[in-house]
Amino acid sequence: METANKHPLSKVPEVTLLFWIIKIAATTLGETGGDAVSMSMDLGYLVATAIFATIFLLAVGTQIRAGKFHPVLYWTTIIATTTVGTTLADFADRSLGIGYAGGSSLLLALLIGSLALWHRTMGSISVETVNSPRTELFYWVTIMFSQTLGTALGDWMANDAGLGYTGSAALFGGLLLLVVAAYYRTRISRTALFWAAFILTRPLGAVVGDFLDKPHDAGGLALGRVAASGVLLALIAICIIAVPQKPAGRSH
């Protein structure tokens, strides 16, 4: 019992294949859901960001106050970070005129700074150590930066770099495969590989989301933002209900 108190279980899920499936679906939902509110509902990026930021703060506060890992609460908070990240990045890149390259560079610097400060303060950035309010604050701030960066980076590659949605999806998907290969073939830090994969899933989700809902003349499938969001939300719900998730352990 003393050991359990000294090393409480993490409040984030064990990193398995299911984790990555839900993560990619959630990041894609963030793109379609964010665009549905800001564009389809014609509320604009600033108002949409205010709405999603409120949801994000409420979700994070509830998550931190929770005594243990709750799958529904955790993934609700992830979706909240990715939707507010979508509208916030679009507001900065488009409304403020920072541009995709400028926005991506700024957010990358903030993300690296967040990880560095977290490591310096707590001694580790492993998800297995996310079991205290202070560590959770670092965790969710870092995720917030990574989700916002993903939107800007995805738009940069798809639009300014001229890769289009399918080309960008191939690029980020290929980079993720390299991370998987490094996991099985090298001794690179598993924590470093986790964060590399976590960050790359966001621009992948961003371009896949745009591919699903953008009109045909823009290179998309024109499925509709609301319809695409509904399908993605249903997929996430099925995954959470069908396969029980455990909190990340302390095996390594």
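In which helix is the place of Glu-31? Select Glu-31 in this predicted model, and you will find that the residue belongs to helix H2, which is a good place to begin the tour.

**Stop 1: Glu-31 and helix H2**

With Glu-31 selected, colour by accessibility: its relative accessibility is 1%, and because buried means under 20%, the residue counts as buried. Now display the surroundings of Glu-31, leaving out residues up to four places away in sequence, and the residues it touches appear as Thr-86, Thr-151, Asp-155, Arg-202, Gly-205, Ala-206, Gly-209 and Asp-210.

Extend the selection to the whole of H2, residues 17-40. The helix is mostly covered, with 19 of its 24 residues buried. To check its length, take the C-alpha atoms at the two ends, which lie 33 Å apart; at 1.5 Å a residue the 24 residues should span 34 Å, so the two values agree.

**Stop 2: the crossing of H2 and H8**

Keep H2 on screen and add helix H8, residues 190-213. The two axes cross at roughly 45 degrees and come within 7 Å of each other, and H2 and H8 are therefore classed as oblique. As for the hand of this crossing, H2 passes H8 in a right-handed sense.

**Stop 3: Asp-42, after the end of H2**

Follow the chain out of H2 to Asp-42, which comes after the helix and has a positive phi near 60 degrees. This residue sits in the loop that connects H2 to helix H3 (44-65), and its positive phi occurs in a residue other than glycine. Is Asp-42 buried or exposed? Its relative accessible area is 66%, and the residue is therefore exposed.

**Stop 4: the pair H5 and H6**

Select helix H5 (residues 100-122) together with helix H6 (residues 133-160), and fit an axis to each: the helices pack at an angle of about 160 degrees, with 8 Å between the axes. Angles over 145 degrees count as roughly antiparallel, and H5 and H6 are therefore roughly antiparallel to each other. Here the crossing in which H5 passes H6 is left-handed.

Looking at H6 alone, the 28 residues should span 40 Å at 1.5 Å a residue, and the end C-alpha atoms are indeed 40 Å apart, so expectation and model agree. Beyond H6 comes Gly-162, whose phi is positive as well, near 75 degrees.

**Stop 5: the loop between H8 and H9**

Move to the loop between H8 and H9 and select Ala-222, which is found there. Although Ala-222 is not a glycine, its phi is positive, at about 55 degrees, and with a relative accessible area of 38% the residue is partly exposed.

Leu-223 lies in this loop between H8 and H9 too, and at 48% relative accessibility Leu-223 counts as partly exposed. Which residues is Leu-223 in contact with, once its neighbours within four places in sequence are left aside? They are Leu-212 and Asp-213. For Asp-213, the C-alpha atom is 5.0 Å from that of Leu-223, and the two residues are ten apart in sequence.

**Stop 6: helix H9 and its two faces**

Finally, select helix H9, residues 225-242, whose end C-alpha atoms are 26 Å apart; this agrees with the 26 Å that its 18 residues should span at 1.5 Å a residue. Highlight its buried residues, which are Arg-225, Ala-228, Ser-229, Leu-232, Ile-236, Cys-239 and Ile-240. When you look down the axis of H9, these buried residues fall within an arc of 105 degrees, so they line one face of the helix. They pack against H2, helix H4 (71-95) and H8. Turn the view around, and the face of H9 directed away from its buried side shows the exposed residues Val-226, Val-231, Ile-238, Ile-241 and Ala-242.

End the tour on Ile-236 in H9, which counts as buried at 3% relative accessibility. Setting aside neighbours within four places in sequence, Ile-236 is in contact with Ile-22, Ala-25, Ala-26, Leu-29 and Ile-79. Draw a distance from Ile-236 to Ile-22: their C-alpha atoms are separated by 5.8 Å, while 214 residues separate them along the chain.

Key. Residues are numbered from 1 along each chain as its sequence is written. This is a predicted model: local features need pLDDT of at least 70, side-chain atom pairs count only at pLDDT 80 or more; totals for chains, interfaces and linings use all residues. Side-chain values use heavy atoms; hydrogens and water are left out. Helices (H or I, at least four residues) and strands (E, at least two) are DSSP runs, numbered from the N terminus. The expected span of a helix is 1.5 Å times one less than its number of residues. Buried means under 20% relative accessible area, exposed over 50%, partly exposed in between (1.4 Å probe, protein chains only). The arc is that of the directions from the helix axis to the C-beta atoms. Contact means heavy atoms within 4.5 Å. Axes are lines fitted to C-alpha atoms, for helices over the stretch in contact, and angles run from 0 to 180 degrees between N-to-C directions. Angles under 35 degrees count as roughly parallel, over 145 as roughly antiparallel, 65 to 115 as roughly perpendicular and the rest as oblique. A crossing is left-handed if the near helix is turned anticlockwise from the far one by less than a right angle, and right-handed if clockwise.
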